[in-house]
Amino acid sequence: MRKRMPSLLNAGRSKGDGAHRVRARMVILQILVLSLMITLFGRLWYLQIREGDHYAAAASQNQVRDVVTPAVRGQILDDQGRPLVNNRTALVVSVSRTELLRMPDSGVGVLTKLAEVLQLPADEVKARTRLCERNVPKPCWNGSPYQPIPVTDNATTEQALTIMEHREDFPGVTAEPTAVRQYPAPEGVNGAHIVGYLSPVSDDELSKQKAEGKKDLQRADEVGRSGLERSYDADLRGKSGVTGLSVDHLGRVTGTVSETPPVAGNHLVTSIDAKIQAITEQQLDEAMKRARATFDAGNTHKNFIADAGAAVVMDIKTGRVIAMASAPNYDPSVWVGGISPQDYKALTDEKAGVPLVSRAIQGQFAPGSIFKVISTSAAAESGYSTKANYDCSPSISVGGQTFNNLESRGYGPISLQRALEVSCNTVFYGIGYDMWLKDGGIFGKNPRDPMVTMAKNYGLGAPTGIDLPGESGGRIADRAWKKRNWEQNKDAWCKQGNTGNEYADKIAKENCVDGWQFRAGDAINFAIGQGDTTVTPLQMARVYAAIANGGTLWKPTLGKAVVSPSGKLVREIQPQSSGRLPISDATLKYLQNALIGVEMNGTASGVFANWPNAQMPIAAKTGTGSVYGKQSTSWFATYGGPKDGPQYAVVMMVSQGGTGSGTSGPSVRKIYEAMLGVDDKGAIDPARALLPAPPAGLPHVKEDGTVVPASYMLPPRPGGTDTPSTTAPTALGALPPDRVVYRTGRGT
């Protein structure tokens, strides 16, 4: 008995301790549950009370889907109000993806029937309605899945009626008129490189906009990608309308939450004159045909053909561009509705000359002898006498290399003016070499390089700032550029120089050793616009415009004014000066007299035979740029107008076109004849002049969409009384012939 007592006592203690432990565990569990409840209620309070508005808004957004109605894009007009780009009403067939997905077969049957009506491949129609995702090839839909998806914008009236009259067979399909971009080609204008093109907004643009907190772009929008469409996209695009649709958890539309109507874009009035633009394009084409015919007649190598060209007509008093042509060009309508891979390949095909590139602002070419106005300026401002004579020998030798005259024979001692008139290379060779020696040659410590500096001060080597995207600044091959170029290419030059004995291989070997040096040959070539220096046709048009207007370098512009759809002036785009030529009045006058002499007694005299110089003097300079392995580049740079002062600068360039006077010159004369009303015999007929002077006012866009040309609006009478025009205006839409139009304000 004694031995069992301790066991009973211990057993009693164990039962008590166990109950205690159970109670402790229950307390801990209760505390844990209470803590979880407090945390849960705290979180609910945070979400529902403190952040309730935020999450309610987010939930609301998840239940609302936006449907975008694109705004009607503004027109691009010429200086008379003729549309270079407008909108046509097209029958657009669209399908609702939401409606298709409700069908048992996800709409496959409807799309198949629709393809039969539209006479399109069924697979193509189906592809256009699928959503663009990472691994989905085009065509596909990049917009909202709740947006009606356009299948075609070329539906015929019969096709649209078939769809609308048999709605039961085409649920979710609509056919309605919609504004689509159109290129009406007034007067036969192409203008593809001027107006540019559109394409759908990208995901990157939408993401960037969201990060910046903006809402300007909608997924269904199209934006300008090049030309004026891009430069003035914000003005032309307008603002799309947005309709907010409420949807349930299955994505079904249950109602309309909000609706904002679209706002049409503004119109852009340009300085382009459609008639002069058409003639400039035509004459550039004629110049290229002329060059090809000449080469064919001479059995020239088949690669020596006119492969590209450009022409610019500029108002010298404002820098506004009247016409600008580039070749090869293309049909701008290929971008409407999305460009096909085949068309895009054709636009970027090097064998076709890459038609997408604008040679007027992006083409870089050695200027040849039209550069000599800059060489003359540098010489005159560096102390070389304009009254002295300089030796115009047939050739000069420097460092064992012979440099020849290309466009002229030897004339003996002649003035700088006469050297410009007959385009004597050796005079400028000699001056360029002499300047190089005065700078210390290759190892000059503080070289002045007067010709290089003058070229930069004339605006070369940098973009002009024209209101078009993608402009090239050309290249000034100075000492710094030579060193950068050598560092980038020395390895390739050294490799090439050790592998062959052709002329190019020898040049590569020489460049491998000392290609970083600004050598005598570089200075000599620079003096006549040869070597590695390149310019664009627009740059040279500005150079000659500055010489003509007294020295002002204008920033070239195409945009003239932005006008609202109702005709209200939004803003005028005023001409801007980019600086002045760094030459004296005496040097400027010397250049002007020399360029008149080129037209009357020099290399351009044959082009302007029988021209009425007394009434409409023309200043000109020919240029023939040598290109290794190719035919020469043809240049013809001019300015001219009425005898009381020049009005226009006209420059034409034809790559692989031969001489300036033989290829480009005759076409430049035709442009002047059209503008100023001169025939090929030199007779002046003011009634034939298409543009004796740029219009002073703006075309008047009326609220009904009609446009009154600026040329029909007379200046206000003294005292501010408006003067009525008695001539019936032309318009985008017809106006009654007895309508009297008044000019008010600035022509708006």
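This passage walks through a predicted model, from the chain as a whole to three helix pairs and a few backbone details.

Confidence first. Averaged over the chain, pLDDT comes to 85, and 87% of the residues score at least 70. The weak spot to flag is residues 712-748, where pLDDT stays under 50. For that stretch the model has 70 contacts beyond four places in sequence, and these come with the low score just given for residues 712-748.

As for the overall make-up, the secondary structure amounts to 22 helices and 27 strands. The chain runs to 748 residues, of which 48% count as buried. Taking the contacts in the chain with a separation of 6 or more, 68% join residues 24 or more positions apart.

Three helix pairs are described here, going along the chain. In the H4 and H6 pair, H4 covers residues 108-118 and H6 covers residues 157-165. Their axes lie 9 Å apart and the packing angle is about 150°. With the cut-off for roughly antiparallel set at over 145 degrees, H4 and H6 therefore count as roughly antiparallel to each other. The crossing of H4 past H6 is right-handed. On the H4 side the contact involves Leu114, Val117 and Leu118, which meet Gln159, Thr162 and Ile163 of H6. Sorted by class, that contact has four nonpolar and two polar residues, with no charged ones.

Next comes the pairing of H13 (residues 372-381) with H16 (residues 450-457), again with axes 9 Å apart but packed at an angle of about 120°. That angle makes H13 oblique to H16. Here too the handedness can be given: H13 and H16 cross in a right-handed sense. H13 brings Ile374, Ser375, Ser377, Ala378 and Glu381 to the contact, while H16 brings Pro450, Met451, Met454 and Ala455. The class count for H13 with H16 is six nonpolar, two polar and one charged.

Isoleucine 374 is worth a closer look within this pair. This residue sits in helix H13, and its relative accessibility is 0%, so isoleucine 374 counts as buried. Setting aside neighbours within four places in sequence, the contacts of isoleucine 374 are Met451, Met454, Ala455, Tyr458 and Leu460. Among them, Met451, Met454 and Ala455 belong to the H16 side of the helix contact. Isoleucine 374 and methionine 451 are 77 residues apart along the chain, yet their C-alpha atoms are separated by 7.2 Å.

The remaining pair is H20 (residues 537-549) with H21 (residues 585-601), whose axes come within 9 Å and cross at roughly 110°. The crossing angle makes H20 roughly perpendicular to H21. In this case the crossing is left-handed. Tyr544, Ala546, Ile547 and Ala548 make the contact from H20, and Leu588, Leu591, Gln592 and Leu595 make it from H21. By class, the residues in the contact of H20 with H21 come out as seven nonpolar and one polar, with no charged residue.

Turning to the backbone, a few spots in loops deserve a mention. The peptide bond running from alanine 327 to proline 328 is cis, its omega near 0°. Proline 328 lies in the loop that links strand S12 (321-327) to helix H12 (341-347).

Two residues other than glycine have a positive phi to note. Serine 106 has a phi near 60° and is found in the loop between helix H3 (97-101) and helix H4 (108-118). That loop leads into the H4 that packs with H6. The relative accessible area of serine 106 is 39%, which means that this residue is partly exposed. Glutamate 187 likewise has a positive phi, at about 60°, and sits in the loop between strand S5 (173-182) and helix H7 (192-195). Glutamate 187 has a relative accessibility of 46%, so this residue also counts as partly exposed.

Note on methods:
Residues numbered from 1 in each chain as written. Predicted model: local features only at pLDDT ≥ 70, side-chain atom pairs only at ≥ 80, totals over all residues. Heavy atoms only, no water. pLDDT = per-residue confidence, 0-100. Contact = heavy atoms within 4.5 Å. Axes fitted to C-alpha atoms, helices over the stretch in contact; angles between N-to-C directions. Helix = DSSP H or I, 4+ residues; strand = E, 2+ residues; numbered from the N terminus. Parallel < 35°, antiparallel > 145°, perpendicular 65-115°, else oblique. Left-handed = near helix turned anticlockwise from the far one by under 90°. Nonpolar A, V, L, I, M, F, W, Y, C, P; charged D, E, K, R; others polar. Buried < 20%, exposed > 50% of the residue type's maximum accessible area, 1.4 Å probe, protein only.
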